[in-house]
Amino acid sequence: MKKILSLLSMLMITVMAFAGSYSDALHFEVNLMGAKAVDLPNGTLTIEKRVDGTYNVTAEGCDFTQYEMGNWGELVCEEVAGTTDASGLTTIEVSNPYCYLTQSSYALSDSKLVVKFNDTKAYATFNGQLALNALKKYPFQYTFGTDDFGSTGGGGTVETTEGPLVEAGLTPNGARIEAKPFTINWDTHKVVAKLDMTTCQGVNENALSFSNNAANLAEWNTSNGASLHFYYTKDAYVWNGTANVQLTNTFTIQFRNSDDLSTTPTKYVQVNDPSNVRVELRQDGVYIDGTLAFEASDYAKLLTYNDLVFGSTQGDNRSNATYKYVEVVGLDWTEPATVVASKEYTDKLFMTMAGGQPSELGTSTVTVKEMSDGTYNMSLVIGENTVEAENVVKGTDEKDRTTYACTFNMGEQEYQVNAVVYTNDNNEEKIYLTATTTGATFTVGSDPDYVAPAEPEDVTLWEKYQADGNGFSKTATIDWDKQKIVASIDFSNGGDDKDILAMTTGESFAAFQTSTYRTMHWYCNQSVKQMSGFFAKSGAGNNNTGRFDVADCLAKFEISKAEGLKVNGVVKMTPEALEELFASNTVLIGSGESPKFSQAFYNYIKVVSLDWTEPTTPETPEAVVYKNTLKVVRNNETQTYEEAEVKVLAKEEGKYEVTIPAFSDMDGVPGQVGPVTFEATGTESEGNTVLTAENQEFTLTNVGWNNDVVVVSMNGTIADGQLTGTFNVAFKNDASYTFNLYYGVEPPVEVTEVSNKDYTSNLRIYDSESESEENLFQADEATVNVVKYSDESYKITLKQITLNEQTADLVFTGTEQRATPYEEGGTVETEETMIVAKPDAATEEFLGGEGEEIGATFQIVNVSENEIKMALNISGNTFMYDGEFNYDQPEEPKEDYAINFEKDAKQTHASRYSTSVSLTVNGQAQTIEFGKTMNGYEDLTAHIILLCF
C-alpha cells in the first residue's frame, strides 16, 4: 500500500508543475426556465500548471441544491493552453476545452474559457451548453473575479459614453433606425440589448448593426472598417451559401471586414423565447441569452475601434422588433429587475393626528409589485400624490398572513409603513396599511385584528328598594357618550317635600353649590302628586323647574348627554343646562338632604346603555292546538289516530315549538313514544306558514324508553287554520325503531308487480292509412311482455320489432280504461282490457322523436292463463299503425283437383293419350268417355256423376 501511495504521489508531481488558488467573487448561472444563479462572495478558483506547459482550471462550489438540482461539485477544464507576457500576466482563451463536473454526469459542450491571472489575482469566465437531459441543452456560465487587467486594443484610457442607443420600447415597424454614434472602452464596457422578436414578419430583418462609421453601417461591402450585422428570420427558407434551409426564430450573425471581403464569418442562432431575447456584444464574444453565439476572434477588427455607430440601415428588410432597450453599460452591469406580478388594493383612506380621531380622506390605492430579482416595490396614492418605496420586506405574521414593511418619504417626512394582507368575511383579499410619522398616521383599509373596546356595563344601583327615611347613596361611574342614568320612583307613600333623587359631582350632598362640584335635587309632594327639581350651576342662580304634576306619583327619570333630563318622557332640563354634570364621569346618586330623606319606593335606579328601553312584561303566548287524522307507520304496520292533537307554539321570530302526541311503539311488548316536543323553523309562502325541522333531538320519559333520545324531522304547512304534514321520529341509537307520521295526509302507497308474463304468438303491424294495409312487420313467433302493477297500471313490451330497417323493443306504459256507463246508469260489460299508453323515451325516439306526440292503445283478451289475443294501435302526428297479436291467419285456397299439374300441358308422345275416366262410387263403376285426346287435363265439371250413399 505504501508503495502504491508513493507511486501516485510521484505521478502527481510529474503531471503538475505548480498549483495556485485564488479567492474572489464567483458567480455560477444556468438558464433553465429563467436564470438560476449561485453566488459565492469568496469563491475559489484553482489554476494548476502541468509539466507540458498547459493548465488545469477548477472552479469550486457549483452547488445548485437550493433549486433542487443537486450539488455538481467542481467544474474542471483540463490541458488548456495559455500565454504569459512580460508583465507576468497569463492569458488563456480556448474554445471547447475538455471539461467536466466532478459530481455530475451532465455533459458540457459549445464552451469557451477565458482566464487571466498573475501572482496576486485571477479572472475567469466560462460559457457553454449544459445537457441536463438527452433532449435539450441549457446555457451555463461562471464568472470569477473582475477583469481589470487591461487590454491591448479597443481599451486603454478611452472614456465610454454610457447610456441608451435607442429609446426604450422603440417599435420601428419596418422603418430605418438611423446611425447612433457612441464611444466604448471594451476593457470596461459592453453593449446590451433586450428585444421582443414576436412582431417580426419577414426574412432577414436587419435587427442590429454595429460599424466604425455610418456609411459602412448601411453597406454590405465595408470600406476601411468593419461591420457586424444581426438579421432575424421568423419562419422562412433562406439561402445559406450552399442550399435553401428553413430558419425559425433564428438570428443570422455576419461580420464584414474591409481587409478581406471574400470571407464572411456567419453563425445561425435559434432563440428559445422570441419575446425576450438578450444580446450582449462584449470583448470576449457575442452572447445571446447568456450563451456564446459569435466568437470574438471572428469580429476582432471591430473590437479595435472605440468609436462606433449602431443602427438598422443595411439590406432590404427593416426590423419589426420591439427594442426594450439597447444600451452601453459597464461589464459589471446587471439587468434591471422587471415586474413579475402586481396587485392593487383600493380601500378607504384615513388620517389620524396625534390624540385625535380618524378623518376619512376618500380612497387610496396600494400597489405591491414583485420584481424579477426577488425584491418587492410598493406605491401608495394619497390624494394627488403617489409615493413609492423599494426594497420592501415581505414576511408572514403569526396568523400566516403576508406582511410588508418599508419606509417612504413624503415631503420632508419619513413614514414607517406596515401592511398585512388578509381575506375578509366576503372572501375578498384586502390590505390593511399604516404609514406613521411624528404626530400623524395614514391608514388604508380596515384592521382585521381590531377589537372594539369593551362597552361599559349596565349597573343596577337599586332595584325594588323601599327607602326608610335615613338617606342612601352610591357612587356611579358613567361614560356619558355611551350611557345614561334611568330611575323609576314611586312616591305615592313618599310624603311631602322629600328629597327623592339627588346627584352631585362631588363627594357628598352637604352643600347645594360650590366652586368645585355641581349638585342636583328632586323633591316630591305626595299630597298633590307633584314634583320639582333644580341643578346648582356655577356662578349665581340655579336651574329650577318649578312644580309640575306627576300622574299616580310615578316618576320615570332619564338623564342623557343628548337629551338632557326627562321626567315621564318630557324634557325638564336641557343638555346645555346640565353640561357641567356631563363633564364628570363619576356621580354620587341617592337621597342626601337631611332632614328631607326619601321614603319613596324605588323600582330601579340604573346606569344603562343609550339604547336601553324599559322592559315590558311580555304576554304569555298560547299554543295553537290542531286536530287531524294521524297515521303512524313502522315497517309494514300502520296505526291510525283520529282527532290527534298537535300543538304549535310561536316563540321568537321564525321559531316554533311543536309537540306531537304519544303513539304506540308497535313493539312485541306494548309501549308508547312521546309526546315529543321539538323546535321548528317557520317561513311564509303564498300566505301559508311552512314549518320545517331537521334532526331535532328529544329525550323520552316513557316507561321502557326513559332517557332514550329520538331524532325528529318535520315538513308541514299551516293553511286555512289547519296543519298538515309529515314527521319522522327515529331512535338515535336504534334505527329499527323509526316511525313515519302522516298528519292529515295519506301515507304513500307502494306500487308492486301483480303479474309479469311473456306471451309468444304471431304478430303483424301494418300501415292502417294505406289502401293495401301492407305489413310493416310480421313474425310467426313474436314475444309480447305484459306487466300489471298494483295501481292497475301496465307496461307492455313488443320485443324485437323491426321498422324502417331498425330493430328495438317497443315499450309502452299506461293505465286500464274502465267501462263507460250507459245513460240509464248501467255499465258496458266487455271481455277485453283496454290499455291507453305512452311510449318510453327510447321507443319515442325509435318511432320518430318527441315532436310526433305518440300514443298507443292495446285491447287484450285473455284466452287462457298463458294465452292472450291483442289488437293494438300506435299513432303519431305523421303515422298510424295497427296490429294484431295471436290472430287467425286465412288458410291457403285448396285446389279442386286431386292432381296438381299444368292444365295446358300436352302428352309428349303420340302413343300417349287419354280416352276416359273411371270412378267407383258405392261399389259401382262409372265411366266418363271423352275420346282420344293429347290433353293432360280434362274439365269434367260438365259431366254429372251420380253419387249414392
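Strands here are DSSP runs of E at least two residues long, numbered from the N terminus, and two of them count as paired if DSSP finds at least two bridges between them. With that in hand, the hairpin of β25 and β26 is a handy way into this predicted model. Strand β25 (residues 376–382) and strand β26 (residues 385–389) run antiparallel and are joined by five bridges. Ile382 stands opposite Asn385 in β26. The hairpin has two residues between its strands, and Gly383 takes a positive phi near 65° there.

Just ahead of the hairpin, Asp373 sits in the loop between β24 (359–371) and β25. Its side chain makes a polar contact of 2.6 Å with the side chain of Thr375. Asp373 also comes up against a part of the chain well removed in sequence: Ala337 is 36 residues away along the chain, yet the two C-alpha atoms are 5.5 Å apart.

Zooming out, the protein chain comes to four helices and 64 strands. Of its 949 residues, 42% are buried. Take the contacts between residues at least 6 apart in sequence, and 53% of them join residues at least 24 apart. The chain exposes about 52,000 Å², with carbon and sulfur atoms supplying 47% of that area.

One piece of the strand architecture is an open sheet of six strands, paired antiparallel in the order β11-β22-β13-β18-β19-β20. Its edges are β11 (163–164) and β20 (291–294), each of which pairs on one side only. On the β11 side, the partner is strand β22 (residues 322–330), and the two are held in the antiparallel sense over two bridges. Pro164 stands opposite Glu327 in β22.

Now for the nonpolar interior. The largest nonpolar core has 40 residues, and Leu228, Phe251, Ile253 and Tyr299 are the ones with the most contacts inside it. Strand β15 (residues 226–239) gives the most to this core, namely four residues. A second, separate core of 37 residues includes Ile478, Ala487, Ala555 and Ile559. Back in the largest core, Phe251 has a long list of neighbours even with residues up to four places away in sequence set aside; among them are Leu195, Met197, Ala207, Phe230, Tyr232, Val269, Val277 and Ile288. The list isn't purely nonpolar, since Lys267 is on it too.

Ser211 is a polar residue worth a look. It belongs to strand β14 (residues 205–211), and its relative accessibility is 0%, so it counts as buried, the cut-off being under 20%. The Ser211 side chain makes a polar contact of 3.4 Å with the side chain of Asn212. Leaving out neighbours within four places in sequence, Ser211 is in contact with Asn216, Leu217, Ala226, Ser227, Leu302, Leu308 and Val309.

As for charges, the count comes to 31 salt bridges. One of these joins Glu280 to Arg282, with the closest N and O atoms 3.1 Å apart. Both Glu280 and Arg282 are buried. They also belong to a network of salt bridges that links them with Lys190, Lys194, Arg278, Asp284 and Glu335.

Two further salt bridges connect loops. Lys399 pairs with Asp449, the closest N and O atoms being 2.9 Å apart. Here Lys399 is in the loop between β27 (393–396) and β28 (402–410), while Asp449 is in the loop between β31 (440–444) and β32 (459–466), so the link spans distant parts of the chain, 50 residues apart. Asp449 has a relative accessible area of 33%, which makes it partly exposed because that value falls between the 20% and 50% cut-offs.

The loop between β31 and β32 also holds Glu455, whose partner Lys482 lies in the loop between β33 (472–477) and β34 (483–490), so this pair ties together parts that are 27 residues apart in sequence. The closest N and O atoms of Glu455 and Lys482 are 3.9 Å apart, and the pair still counts as a salt bridge because the cut-off is within 4 Å. How exposed are the two ends? Glu455 counts as exposed, at 53% relative accessibility, whereas Lys482, at 31%, counts as partly exposed.

Methods
Residues numbered from 1 in each chain as written. Predicted model: local features only at pLDDT ≥ 70, side-chain atom pairs only at ≥ 80, totals over all residues. Heavy atoms only, no water. Salt bridge = Lys/Arg side-chain N within 4 Å of Asp/Glu carboxyl O. Buried < 20%, exposed > 50% of the residue type's maximum accessible area, 1.4 Å probe, protein only. Core = buried A, V, L, I, M, F, W, Y, C linked by side-chain atoms within 4.5 Å. Contact = heavy atoms within 4.5 Å. Polar contact = N/O pair within 3.5 Å; in protein donor to acceptor, adjacent residues only side chain to side chain. Areas by Shrake-Rupley, 256 points an atom, 1.4 Å probe, with all protein chains shown as cover.
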